[in-house]
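Work through the exercises below with the model open. Each task is followed by a stepwise solution.

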Amino acid sequence: MTQPVVKPRIPPAWQARCSAKREAILSAIPTEWRIRAPIPTPDIQPNVTGKYVQQYLSPREVEITESDAETIVSHTTTGIWTAVEVTSAFCHRAAVAHQLVPCLLEIFFDRALSTAKELDSYFTTHHKPLGRLHGLPVSLKDQFHISGVETTMGYVGWIDTFEGKPLNSLPHNERDTESELVRLLRTSGAVFYCKTSVPTTLMAGETCNHILGYTFNPLNRRLSAGGSSGGEGALLALRGSVVGFGTDIGGSIRVPSAFNGIYGLRPSAGRLPYEGAANSMDGQNTVLSVVGPMATTVQGLKLMVQAVLAQEPWFADPLVVELPWRHGVEERVRGGIADKRLTFAFMEDDGTVRPHLPVQRALGLVRWLLEQKGHRVIDWNPPSHATAFNIARQMQAWHMDGGTDVQAHRALSGEAQLPECFLQPSEHLNAAQVAALNVKKRNYQKAYMDYWNSTATLTGTGRPADALICPACPSVAVRPGKFKCGMYTTFVNVLDYCSAVFPVTKVDRSVDGGHRPGVPLSEMDAEIQSDYDPDDCHGAPVALQLVGRRFEEEKVLGLVEYIDGLLSEAAQRM
């Protein structure tokens, strides 16, 4: 009997485009920087940070890349280090980082070194730096446009295009555009050298796209780097960067910052420029995406905000509020610290999902440190955060177009939808429904404002609580496919408050091994608690977030800097 001829399966054309793009990224890494020996599997070598990544670098490169942003600019702006040697060191470390954990969607090291040479020439000629960021390498999430560098935002259909539009169909000035943030940072002397990976559509708490695949956590490659600024978080954890920029619409800066043990700031909408950046669902303005810095230190966050505000971004972006950096706010924070007259509110859980034991331990540690310093601590019982989550997700603020935008961009190539993206096709909201949603959001914001004001009766200072401290996520870095809850970050976006994430400790299975979930607070809580495994996440960073009101970025960063110092002092005593 004749056997039927089985024709070989031909992969879809979009897979070939992914493969070509992936190879182009690797080809941009100089031959001498490529890792020749096989990289151990995650089970053998889960953590590739620290000494592991250092083995591929020279001692001088390690010294430069493991300095903080403030140290780097103090050296490059005074001629102690050249922009070229600093840029070369970070390009090399970023190249190694990408080979250990796929995190870069664009590599343009040659352009970076050319920029660095120009900066060194400027310093030699003028005997002064170009700006306060002179010679500082800055990484960017792949939403920001840089002239001559592609932006795919994880979409296969955006490869070799400008946001999905054929290049030959666009006038030169449109396809060569730059985001205003890029222009302002460049004017300050920053050097751009890479753009980092994002999940397709951006709307995910994990970073995965068909071009690069999944971005794992370099501190434990069996876990997630988070999303949607997950490539940025992984690169910073590997010290392939010390400062970069991400975006946040529901936790996309704060979740990867928490998972990777770094610092991240979600400012209020309108504080930093978004103009000219690519985005999903552009035009949706019920819950806005915002631009914010991510860094290896809280001082790095402050440096970047100050540098951007010094460029007067309100003249570059019509949505930016004219609000320069307020040194007076910093002084008041320092005064409150010195007088021990600050009040911190603590939220142990949001009533829907209880955080895992390591996060509870971090809350207890920070609370104890503040109480030991004489500051007032109160409990936080606000209007339900479930309401905020419903406004953002279940009531469709994030996909009021029914998913039309993200599905259209996927359709450009025919790529399959990845399970990490939670946006599914749904009903369009009409104008009346959008208006009703905006009213619901405004009413929630007012109720929350009233509650915050009411805490003045509890503080003993006559003022409401200075800040809220709560989990950034109920868990630490999760196993791939296990990110389920963004409620601890989303309420901040709905309120448009500012928030900074900071690392506190690490998971220790000998301390965090007991599991006492109690009666589940909700169906989601039961699911989250069942995922906890202290052996899985042993050694993973544990972070918290500090939340301030709208446009309180100076205050939030000042308070995080203070708490960070307390944690350092406590660690030295142990």
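**Exercise 1.** In this predicted model, find which strands helix 21 lies across, and state how it runs relative to strand 16.

Solution. Locate helix 21 at residues 553–573. Next, list the strands it lies across: strand 11, strand 13 (343–346), strand 15 (467–471), strand 16 (498–506) and strand 17 (541–548). Finally, take the angle: helix 21 runs at about 10 degrees to strand 16.

**Exercise 2.** Do the same for helix 11, using strand 12 for the angle.

Solution. Helix 11 spans residues 298–310. It lies across strand 2, strand 10 (243–248), strand 11 (263–266) and strand 12 (290–295). The angle to strand 12 is about 140 degrees.

**Exercise 3.** Give the strand order of the sheet, then explain why strands 1 and 14 each have one side without a neighbour.

Solution. Start with the order: 11 strands run 1-5-2-10-12-11-16-17-15-13-14. The sheet is open, and its pairing is mixed. Strand 1 (104–107) and strand 14 (376–379) stand at the edges; each has a single partner strand, so one side of each lacks a neighbour in the sheet. From one strand to the next, the twist averages 25 degrees.

**Exercise 4.** In which sense do strand 2 and strand 5 pair, and over how many bridges?

Solution. Take strand 2 at 137–141 and strand 5 at 191–196. They pair in the parallel sense, over four bridges. One bridge partner can be named: Lys141 has Thr196 in strand 5.

**Exercise 5.** Describe the largest cavity by volume and lining.

Solution. The structure holds four cavities of 30 Å³ or more. The largest has a volume of about 70 Å³. Of its 13 lining residues, Leu202, Met203, Ile249, Asn279 and Ser289 are closest to its centre. By class, the lining has four nonpolar, seven polar and two charged residues.

Note on methods: Residues numbered from 1 in each chain as written. Predicted model: local features only at pLDDT ≥ 70, side-chain atom pairs only at ≥ 80, totals over all residues. Heavy atoms only, no water. 1 Å grid on protein atoms, 1.4 Å probe; cavity = no way out; pocket = protein on both sides within 12 Å on 5 of 7 lines; lining within 4 Å. Points joined across faces, edges and corners; volume = space filled by probe spheres on them. Nonpolar A, V, L, I, M, F, W, Y, C, P; charged D, E, K, R; others polar. Pairing = 2+ DSSP bridges. Helix = DSSP H or I, 4+ residues; strand = E, 2+ residues; numbered from the N terminus. Axes fitted to C-alpha atoms, helices over the stretch in contact; angles between N-to-C directions. Contact = heavy atoms within 4.5 Å.
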